[in-house]
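Here is a short briefing on one protein model. Keep the sequence and the 3D view at hand while you read.

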Amino acid sequence: MSAQGGVSAPRRTMWPLYAAGFTTAFGAHGIAANLGGFSDDAVTSLLVLGGLLALYDGAEVLLKPVFGTLADRVGARPVLLGGLVAFAAASALYAMVDSPGWLWAARLGQGAAASAFSPSASALVARLNPAAKRGRAFGSYGFYKSIGYTLGPLLGGVLVRAGGLRLLFAVMMVLGAAVAVWAALAVPATAPLPRRRQTVLDLARRLTSGSFLVPTAALAGATAALSVGVGFLPVSGARAGLGTVATGAAVSVLAACAAVVQPAAGRALDTERLTTRTGLAAGLLTTAAGLGCATLPGLLGILTGAALIGSGTGLITPLGFAALAATTPAERLGQTMGSAELGRELGDAGGPLLVAAAAVLTTLSYGFAVLAVLLATGSAFLLATHRATTPAPR
């Protein structure tokens, strides 16, 4: 099944895909934010903590393109369901056996499983909706992922305080299994489409074309800024003498703005009130302005920076994925989404590393400024190339 005649998939079909997006975000941030928490089984070594965090992200970096390609070959629905079941099974490993070894195995399994169902869900969002309505679909999908990122640390913290890490993993097990059953009942099968033989050279051409690199680079930049905002705005606030309530509010503002803007951006794209190129440029510029505001001292600079970073990334995300779906052959959607997710993961890791390196040599404000300049340069490039390719009026 695929979108026909410009008709979007019914809401009951899309809800399990949104739930899958929530699951991958909740699983990533809910556990990551609480591995070093306040329970007897929490991780107390910084080296072990870093290894567990890297294990999950490393699995995603390596496996998302692989599972995206598999989704094209056998269909996105089986890979989605298999990934959700695997996520539940991996979570059960540590929920049932309190052992450091099983914790490592569970976290690796969760990362590998998320690598399967995340790009498959994105591919199904594109496959089940016509091109004219994909902006709205990806906006809604991004909204629920943002809710997962927002609630993950908070609800995860409550669960860890109540019953330790094992309770959090048990909830992840139930969530993964429940979404798998829901998707099995509501998401229709999408048969693999006939595919023209693709050589390595064909793949390289497609992944180095502007239609892939531009939205993927914008998505990577947005993810880098989001990661930097979540990680470093609290540090900046603490150095300014602000308490944990104020710095926590800044992160909540960032996540809330990202969540709210995404559906609106998708609707604007679908109704042609916004083009992909100008929207991506505006999003990068808004995000850069937010990083610039983060260099200002005090609560106002931090909150303004958080709001602009969240709004900018919320503008970029649905437009970037809709652009990728619009320029990708339907039979290669999984491969493209998996490769684009790889770009986002690299931004997620690279942004904080860049800001941290600049902060070590100078100050944190200069670290924010370095990333802001990079994003503003990307925005200027998009606008310049748009002007260069737009015919002059006669």
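The notes below cover charged pairs, enclosed spaces, a pocket and some surface points.

This is a predicted model. Three salt bridges are counted in it. Sharing of partners joins Glu60, Lys64, Glu341 and Glu345 into one network. The structure also holds two cavities of 30 Å³ or more. On the outside, Leu151, Leu154, Leu155 and Val158 make a nonpolar surface patch.

**Salt bridges around Lys64**

- Side chains of opposite charge can pair when their charged atoms come close.
- Glu60 and Lys64 form a salt bridge, with 3.6 Å between the closest N and O atoms.
- Both residues sit in helix H2, and because they are four residues apart there, about one helical turn separates them.
- Glu60 and Lys64 are both buried.
- Glu341 also makes a salt bridge with Lys64, at 3.2 Å from N to O. This pair links distant parts of the chain, since Glu341 lies in helix H11 and Lys64 in helix H2, 277 residues apart.
- Glu341 has a relative accessible area of 2%, so it falls under the 20% limit and counts as buried.
- Lys64 is buried for the same reason, with a relative accessible area of 2%.
- Glu345 forms a salt bridge with Lys64, and their closest N and O atoms are 3.2 Å apart. Here too the pair links distant parts of the chain: Glu345 is in helix H11, Lys64 in helix H2, and their positions lie 281 residues apart in the numbering.
- Glu345 and Lys64 are both buried.

**Largest cavity**

- The largest cavity holds about 150 Å³ of space.
- Its lining has 16 residues, and those nearest the centre are Ser146, Tyr149, Gln262, Thr317 and Arg344.
- H5, H7, H8 and helix H10 (298-326) each supply at least two lining residues.
- H5 gives the most to this lining, with six residues.
- By class, the lining of the largest cavity has seven nonpolar, seven polar and two charged residues.

**Second largest cavity**

- The volume of the second largest cavity is about 110 Å³.
- It is lined by 15 residues, with Ala71, Asp72, Ala76, Arg127 and Ala330 nearest its centre.
- Helix H2 (46-74), helix H4 (100-127) and H11 each provide at least two residues of this lining.
- H4 has the largest share, with three residues.
- The lining of the second largest cavity comprises nine nonpolar, three polar and three charged residues.

**Second largest pocket**

- About 250 Å³ of space lies in the second largest pocket. Its lining has 15 residues, and Ala217, Ala218, Leu374, Leu375 and Gly378 are the closest to its centre. Helix H7 (210-239), helix H11 (333-361) and helix H12 (364-389) each give two or more residues to the lining.
- Twelve nonpolar and three polar residues line the second largest pocket, and no charged residues do.

**Surface points**

- The nonpolar patch made by Leu151, Leu154, Leu155 and Val158 covers about 330 Å².
- Within that patch, Leu154 belongs to helix H5 (residues 134-186).
- Leu154 counts as exposed because its relative accessible area is 55%, over the 50% limit.
- Is Glu272 buried or exposed? Glu272 is exposed, because its relative accessible area of 72% is over 50%.
- Glu272 is found in the loop between helix H8 (244-270) and helix H9 (276-294).
- Phi of Glu272 is near 65 degrees, which is a positive value in a residue other than glycine.

**A glycine in helix H2**

- Gly58 is found in helix H2.
- At 28% relative accessibility, Gly58 lies between the 20% and 50% limits, so it counts as partly exposed.
- Gly58 and Leu108 are 50 residues apart along the chain, and their C-alpha atoms are separated by 8.7 Å.

Technical notes: Residues numbered from 1 in each chain as written. Predicted model: local features only at pLDDT ≥ 70, side-chain atom pairs only at ≥ 80, totals over all residues. Heavy atoms only, no water. Buried < 20%, exposed > 50% of the residue type's maximum accessible area, 1.4 Å probe, protein only. Patch = residues over 30% accessible without salt bridge, like charges linked within 9 Å, V, L, I, M, F, W, Y side chains within 5 Å. Areas by Shrake-Rupley, 256 points an atom, 1.4 Å probe, with all protein chains shown as cover. Salt bridge = Lys/Arg side-chain N within 4 Å of Asp/Glu carboxyl O. 1 Å grid on protein atoms, 1.4 Å probe; cavity = no way out; pocket = protein on both sides within 12 Å on 5 of 7 lines; lining within 4 Å. Points joined across faces, edges and corners; volume = space filled by probe spheres on them. Nonpolar A, V, L, I, M, F, W, Y, C, P; charged D, E, K, R; others polar.
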